[in-house]
Amino acid sequence: MRELRDLARRLLEEGSVQTVLGWEEGPRGARPVFVRRPEEAERLIFDPRCVHNLAAYLSPRRPHLKGLGRIAICVKPCDAKAVAGLIRETQVARDQVVLIGLRCGGVLPDPEGRETLSGETVADRCRGCPDREPRLADHVVGTAAEGFPGPSRRQQKVEELLALSPDDRWRFWQQELARCVRCHACRQVCPLCFCEQCIADKTRPRWVESSAHGRGNLAWHISRAMHLAGRCVDCGECERVCPGGIPLGLLTRRVAKTVGERFGWRPSDDPAVPSPVGTWRPEDPQEFIL
Amino acid sequence: MDGEGARPFEPRITAFVCNWCTYTGADLAGTSRLQMAANVRIIRLPCTGRIDPMFIVKAFERGADGVIVSGCHPADCHYNAGNYHARRRFAIFRELVDFLGIDPGRLTFSWVSASEGAKWRDVVNETVDRVRRLGPFTAYRELVTDPPVTRVIGEEVPA
Amino acid sequence: MMTNASQITQAGLSSLVEDLRQAGIQVIGPARVTDGAVEYQRLADLSGWTPGVQPRRSLKEWFLPVTEPLFRYRKQGPRVLVEELAPPDAPRVVLGAYPCDAAALPILDAVMGWDYRDDPWFARREATVILSQVCPGGDASCFCTDVGIAPDSAAGADLRMCPIESGWRVQVETGKGEAFLQQWSRHFQPANGSKNPLPPAGPPRSEAPRANPERVRAWIETHFEDPFWQEVALRCHGCGGCAAVCPTCHCFDIVDEPENPVQGARRRNWDTCQTALFTRHASGHNPREDQCGRCRQRVNHKFAIYPARFGRILCTGCGRCARTCPSGQDITEILARIDQWAAGPGGA
């Protein structure tokens, strides 16, 4: 913590950045904070309650953050993959941001977490996460920590669902998606949902019906998962924010499985690795094509 | 209208096809007088790369029982790589909708060149047979059920 | 004639629910859904009823559904036929509404019956009997007492329930509640003991109000361009999760949804001032062009605009917005800061 606060203060004092984006203690646990004065660096914290993927704030979809000057942003190794995604898709220039990488041994499921971090309490997405050391970073702080073994429960649930019949899967999803209120919070918090105009907001023609009925909900969730193919870094923010508690991560995980198995792609913190949906290989499998 | 009452079920199939290959192939099938199922409505697009997966969703929303997407064989794309991009996209789409419980049997992807009229006939017949076996896609149509109509305002035009 | 204090055993409540079901009356109450959270659900019986847990979303969606058809239409040549749909007036009972949810309903009646009477809203209101419960306890995000509501508030309730050793003590609050009690009187017994029918509620969660609503309103009305709004919006993602769980956020969008070229439906869907699309004009211009304006709007509408027009704060202090916010935004913190400035030198 000292190391992080000292670094933030130094960056602000020397003027190499105007804002440090990190976490602070809020009324309900950790929360994002924009530190703009050196003396405020003392507000910064980093512990297993810092679950938020702050890369979402780099998305150009947030014009109200344009006036903050040059930003240094705190990233866990997994968050760095989202930053890499934004750089890969030319939404952010690498030299436009300063990345403060934090060594990470896993986080809790939510920012309030009062539990101690353990194999039982750790956020599901951290199970099997291989990334302890931030690589895409200008500064690295924190102490090395052990991770937690996989597979994640979400991954197991994907496999369980795949073993069902299509009709049973249909029933499962209809029950889950029935709680969708089409607030699109899943999109808003997603660091990789960076379209200036979302297809769900297009009205001429109306591609995705805005009504929260079965037809509109299915179209929206198909569309969202498709658009995140090869982009999703499995940060789980969509699932955390959903006011209906829909297991949205299952959809993105399913898509990730496809792009992994078929195109050998894994979320990467290397912006130079090409996106699997913007590229192709002549020998891509096509057993499903007549 | 395709009957779903007393008449036997006739699948409604929407086909999104590439202008440069399958569309011409389908035309060839016709001018060659090849017999095939008459259940397919063709929508012509410049390339499979132009086919947004949402087109398929829209087709189901508007009552399709099955969908065909067909374009140029690998290395034959009029725009060099549109079909390669489409191939990746539809590989992902197919597995995603399968995961959501849409039987992938309702979807056909094919490469049909301008000279393959007979292949187009086979693709159509095979798809229609398959979707016929799966039956009407009532699950999709029942996604929205409104309360019963109690009163009609306005004048009905006599049939 | 029943006295206005009754009680019902847990078994009596079960048989009441069974009788209501037999009579075709829908019972709605807090129950767990597949992800383990509690929401107001349709109940077949009391087995899944969880009155002790505040539902994740408010009761509002049972009166203003997330989506609802207003009418259907059919085209015939040049004509359009409008098809009216059966009104949503099926009788219902809400069993165990939280006071902060029940209290939201009369607040919203004001806007729903203002310049235009919202028929679906009032059809549901009239068809529903609300049995609220004295709040079994909240958490640090609760602030109902700051906005003029209390854990044992009767606002919006037809009957109020409070747990006692042998079941529930029930107090009549409205004529509708009285009629309900009479109709189903065989399940109830007269209350034992004193005339004071409900035990006193537990202490409110916040010891002292964190903000003075009048001062807050005066400050908001005079500080539209205050830089505070820039600052407060920084961490906001504009996800609108706050509006989705809020018992009083009631904005909606109306869309025509064609199913094919000749038929479709006009539907009303929840909307929120937190998204860009909410205010975007057909020209592309957006008067609330970024999140600062949208965050301000939410606070402004709840604590200044609505009170100015209807004399009520558009908030019941349920605390759900703070619980759901992915970025830890807390409305009480915002109000407290405003109040501090307003109370300070040169305030409002």
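Reader: How many residues do chain A and chain C each put into their contact?
Author: In this predicted model, 36 residues of chain A and 39 residues of chain C take part. Two residues are in contact if their C-beta atoms, placed from the backbone, lie within 7 Å.

Reader: Which elements of chain A give two or more residues to that side?
Author: Strand 2 (29-35), helix 4 (166-177), helix 5 (185-188) and helix 7 (237-241) of chain A. Helices (H or I, at least four residues) and strands (E, at least two) are DSSP runs, numbered from the N terminus. Strand 2 of chain A has the largest share, four residues.

Reader: And how do the residues on the chain A side divide?
Author: Into 15 nonpolar, 11 polar and 10 charged. Ala, Val, Leu, Ile, Met, Phe, Trp, Tyr, Cys and Pro count as nonpolar, Asp, Glu, Lys and Arg as charged, and the others, Gly among them, as polar.

Reader: Numbering and confidence rules?
Author: Residues are numbered from 1 along each chain as its sequence is written, and chains are lettered from A and ligands numbered from 1 in the order in which they are written. Local features need pLDDT of at least 70, side-chain atom pairs count only at pLDDT 80 or more, and totals for chains, interfaces and linings use all residues.

Reader: Switching to chain C: what are its domains?
Author: Domain 1 (5-190) and domain 2 (213-343), with bounds from an automatic or database domain assignment. Their centres, taken over C-alpha atoms, are 25 Å apart.

Reader: How many residues of each domain are in contact?
Author: 35 of domain 1 and 29 of domain 2.

Reader: What gives the most on the domain 1 side?
Author: Strand 4 of chain C, with nine residues. That side holds 19 nonpolar, six polar and 10 charged residues.
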